[in-house]
Amino acid sequence: MAAFHGSFGFAVPFSFLLAVAFSILSAAQATGPSSTCDEVDDAASLMHLRQTNGGSFGAKASEKAQVLSQPPGGDEAAILQVIDEAFEDVKGPGSFLQSNVHEDDSWQICGGINWPSNPSIAPGTTIYRDMEEFLGITQYCDPNTGSARDDATCKAIYAAQRAIFELAGQFPQGPKFVNASITAWGNHPSYIDGSVGPVAKDSMPPVAPILNGNAASGWILCDIVRTVLTQSADQAGSGVCGWVAPLGALSRRAPAQAIRMLVRLMWSGRASSQMSQPCPYIYDQQPGLVPYEDNQNRWHPSWFSGSDVHCSGNAADCQVAIGSPLQPAGATFAFTQSLLSSFRASVGGSCDLHPAQLNYPGAPKSLPESITTVQGQGNYGSLYACNTMIDPVNQACKLVVNTELRGSLSSADFMTLFAYPSEPLQMKQFSTVCKDTAARAEANGENIGQAVSEAIKQLAASSTWIATYFKTIMDIYGGDMQKALTLISLSDTWGTPSFTEDLLASVCKADVAFFSIDAEPMQNQGFTPESAVGRAGPYYPRPDGKEVKKVGKCDHAVFLESCDQESDLYTIWTWGSRRYFTKLGLLGTPATDAGDPNPAGPFNTGVLCSATLGSLSVP
Ligand SMILES: *[C@@H]1O[C@H](CO)[C@@H](O)[C@H](O)[C@H]1NC(C)=O
């Protein structure tokens with residue numbers, strides 16, 4: 001801070017400040033609010049990250065997100081002990097049934113069970129009937145006759161039931177995420193009759209007091225098992241694509257582990273000890289009480305009717321989410337909200353930042369807008385999510401990107417900026433203040449440089465994050481403002497697809513891979529292998545109103561479910577569903593940043609910007 005103030009105590013030429021503002025904005029667009037869909041808790045550690053970023057391009061250590069681990073204590077340790085005991089005989093990642101994989105509105109289907117009557121959750125009771133028949137639990141998992149009874153997934157289902165039964169007995173205060181599990185979206189409320197007080201319908205979002213902490217523990221079991229077995233965790237009408245993708249990946253690659261993590265998450269409030277504690281306010285939120293309108297224009301719950309509903313996803317997210325709630329409830333909410341809140345607190349340094357609020361029908365448009373910003377995930381965020389959830393033991397996830405994007409920067413400096421620990425809200429705040437101040441000063445005929453400099457000084461005085469980010473840029477350009485100007489046009493290009501065949505080949509070798517991708521093609525194409533995007537040539541160029549859109553823009557994060565290089569078929573998991581691409585669809589043909597054919601690239605008419613790769617480890 002002191003250094004920053006010192007070096008900034010003079011009037012800074014206007015052009016440089018704009019350069020910073022614009023480069024930050026475009027970096028945020030390119031790497032960041034990837035969606036609708038980035039650890040470090042003080043300036044010293046941000047700088048530490050920067051200093052350790054040296055080394056060869058692509059070296060694992062240079063792209064490593066620093067994840068703070070916080071050992072469990074108190075209740076959390078006791079909860080873990082119960083879970084460890086219940087899951088003692090669950091060994092390995094577990095397998096899944098292809099026939100179970102489908103889009104599934106778990107919250108509604110789990111609401112088909114009469115939870116108000118407080119049914120038993122013991123094996124063989126009626127609550128499993130639907131799951132037993134349709135998800136094959138009886139046929140495959142029956143402890144005596146099931147043909148896959150020794151599979152870890154089968155064992156994890158019963159272990160979850162035993163753990164929840166035991167936890168409900170030992171912890172009358174109930175799960176940490178009980179509030180997120182209170183919903184009346186299904187036929188039946190998710191909770192035992194009398195265990196939740198009346199819903200205050202006149203407040204938006206609605207609230208209801210929890211009278212019994214274990215009000216919805218049965219529903220939670222159903223929600224966890226269905227979400228994992230169907231691989232259908234869905235961001236719904238929110239912009240949390242990058243934060244839900246690890247849950248999609250775990251459900252696919254390690255369902256037994258996913259079930260265990262979710263039980264832990266719901267009861268203890270976080271899914272892993274390799275993440276700092278999420279911000280406390282998330283445990284008060286009751287997303288399942290927020291009314292939503294389904295595909296048949298029916299409101300749930302039916303007493304509600306509303307208008308002025310604004311999804312917080314990107315255009316593609318929102319189109320796909322028509323008929324869905326504004327945000328998920330239950331385990332998917334707990335997973336995404338805990339991960340993003342822990343991340344923001346660790347990069348931003350505090351939970352006092354604008355909270356990740358609930359969206360609701362009739363909210364002023366500024367609310368979904370700020371929610372969109374908060375939910376964004378930059379490249380660093382993707383590494384954080386991977387190191388926390390996919391490889392918590394080794395934390396060796398890495399980011400791969402076309403090296404030609406670095407321009408005149410050294411590889412290390414490029415990675416520092418490309419994978420900067422962005423706190424999305426402050427990133428946006430910084431750029432907005434710069435631009436607004438400049439425009440106002442110009443209109444008033446004031447010294448623009450001085451005005452903006454003053455504004456940034458003020459902003460930096462209350463934000464270590466902003467001060468540190470700014471200092472990082474200054475350091476990289478050796479304090480040379482003319483050089484720093486070039487960051488505008490450079491970072492502008494980072495959101496244009498530029499992935500290569502070599503990178504794709506390395507991605508396909510990884511255990512788990514996430515892409516930063518252009519969502520648009522997936523909005524209405526590639527629903528079947530036969531109609532994979534790319535079969536009829538690259539998606540771009542294509543007509544866009546009266547114009548032609550020549551290249552894509554990465555605005556989404558997804559899990560790469562599989563690569564079948566022989567059949568030229570790549571399966572992407574997103575929105576709780578699947579989309580298919582050929583290699584040509586993913587990589588397009590070489591082009592300039594503007595989309596004009598250019599054999600040397602480095603850009604292309606495909607859809608991929610970068611990837612985060614990791615190996616699964618079991619904590
Ligand atoms: C549920 O939310 C209420 C506020 O609405 C809060 O007082 C309570 O502590 C929350 N429950 C848990 C387990 O965090």
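Is Cys222 buried or exposed, going by its C-beta neighbours inside 10 Å? The close-ups below start there, and they come from a predicted model.

**View 1. Cys222 in helix α9.** Cys222 sits in helix α9, which covers residues 217-229. It has 25 C-beta neighbours inside 10 Å, and 20 or more is enough to be called buried, so Cys222 counts as buried. Look for Ile121 here too: Cys222 and Ile121 are 101 residues apart in sequence, yet their C-alpha atoms are 9.5 Å apart in space.

**View 2. Ile473 in helix α19.** Here we're looking at helix α19, residues 464-476, with Ile473 in it. Ile473 is buried because it has 20 other C-beta atoms within 10 Å, and the cut-off is 20 or more. Thr416 is worth finding as well: it is 57 residues away from Ile473 in sequence and 9.4 Å away in space, C-alpha to C-alpha.

**View 3. The open sheet.** Six strands make up this open sheet, and you can walk across it in the order β3-β12-β4-β7-β8-β9, with antiparallel pairing. The edges belong to β3 (398-401) and β9 (577-581); each has a single partner strand, so one side of each has no neighbour in the sheet. On average, neighbouring strands are turned by 30 degrees against each other, ignoring direction.

**View 4. Strand β7 and its two partners.** Zoom in on β7 (residues 556-564), which pairs with β8 (residues 569-574) in the antiparallel sense over 5 bridges. Across that pairing, Phe559 stands opposite Trp573 in β8. β7 also runs antiparallel to β4, and 4 bridges join the two. On that side, Ser516 stands opposite Ala557 in β7. Strand β7 is mostly covered, with 7 of its 9 residues buried.

**View 5. The hairpin between β7 and β8.** There are 4 residues between the strands of this hairpin, and Asp568 takes a positive phi near 55 degrees. Most residues other than glycine have a negative phi. Asp568 is not a glycine, but its phi is positive all the same. With 16 other C-beta atoms within 10 Å, Asp568 is partly exposed.

**View 6. Helix α10 across the strands.** Helix α10 (residues 241-253) lies across β4 (512-517), β7 and β8, and it runs at about 25 degrees to β7. The 13 residues of α10 should span 18 Å at 1.5 Å a residue, and the end C-alpha atoms are indeed 18 Å apart, which agrees. Like β7, this helix is mostly covered: 11 of its 13 residues are buried. Among the buried ones are Trp243, Pro246 and Leu250.

**View 7. Around the ligand.** Which residues are around the ligand? They are Lys176, Val178, Asn179, Val207, Ile210, Tyr283 and Asp284. This shell divides into 4 nonpolar, 1 polar and 2 charged residues.

**View 8. Two cis peptide bonds.** Most peptide bonds are trans. The bond joining Met204 and Pro205 is cis, with omega about -5 degrees. Pro205 is in the loop between α8 (152-170) and α9. Another cis bond joins Gly601 and Pro602, with omega about 0 degrees, and Pro602 is in the loop between β10 (590-591) and β11 (603-604).

**View 9. Asn118 in its loop.** Asn118 is in the loop between α5 (106-110) and α6 (129-134). Its phi is near 55 degrees, a positive value in a residue other than glycine. Asn118 counts as partly exposed, because it has 16 C-beta neighbours inside 10 Å.

Methods
Residues are numbered from 1 along each chain as its sequence is written. This is a predicted model: local features need pLDDT of at least 70, side-chain atom pairs count only at pLDDT 80 or more; totals for chains, interfaces and linings use all residues. A residue is buried if 20 or more other C-beta atoms lie within 10 Å of its own, exposed if 12 or fewer, and partly exposed in between; C-beta atoms are placed from the backbone. Two strands pair if DSSP finds at least two bridges between them. Axes are lines fitted to C-alpha atoms, for helices over the stretch in contact, and angles run from 0 to 180 degrees between N-to-C directions. Two residues are in contact if their C-beta atoms, placed from the backbone, lie within 7 Å. A residue is near a molecule or strand if its C-beta atom, placed from the backbone, lies within 6 Å of it. Ala, Val, Leu, Ile, Met, Phe, Trp, Tyr, Cys and Pro count as nonpolar, Asp, Glu, Lys and Arg as charged, and the others, Gly among them, as polar. The expected span of a helix is 1.5 Å times one less than its number of residues.
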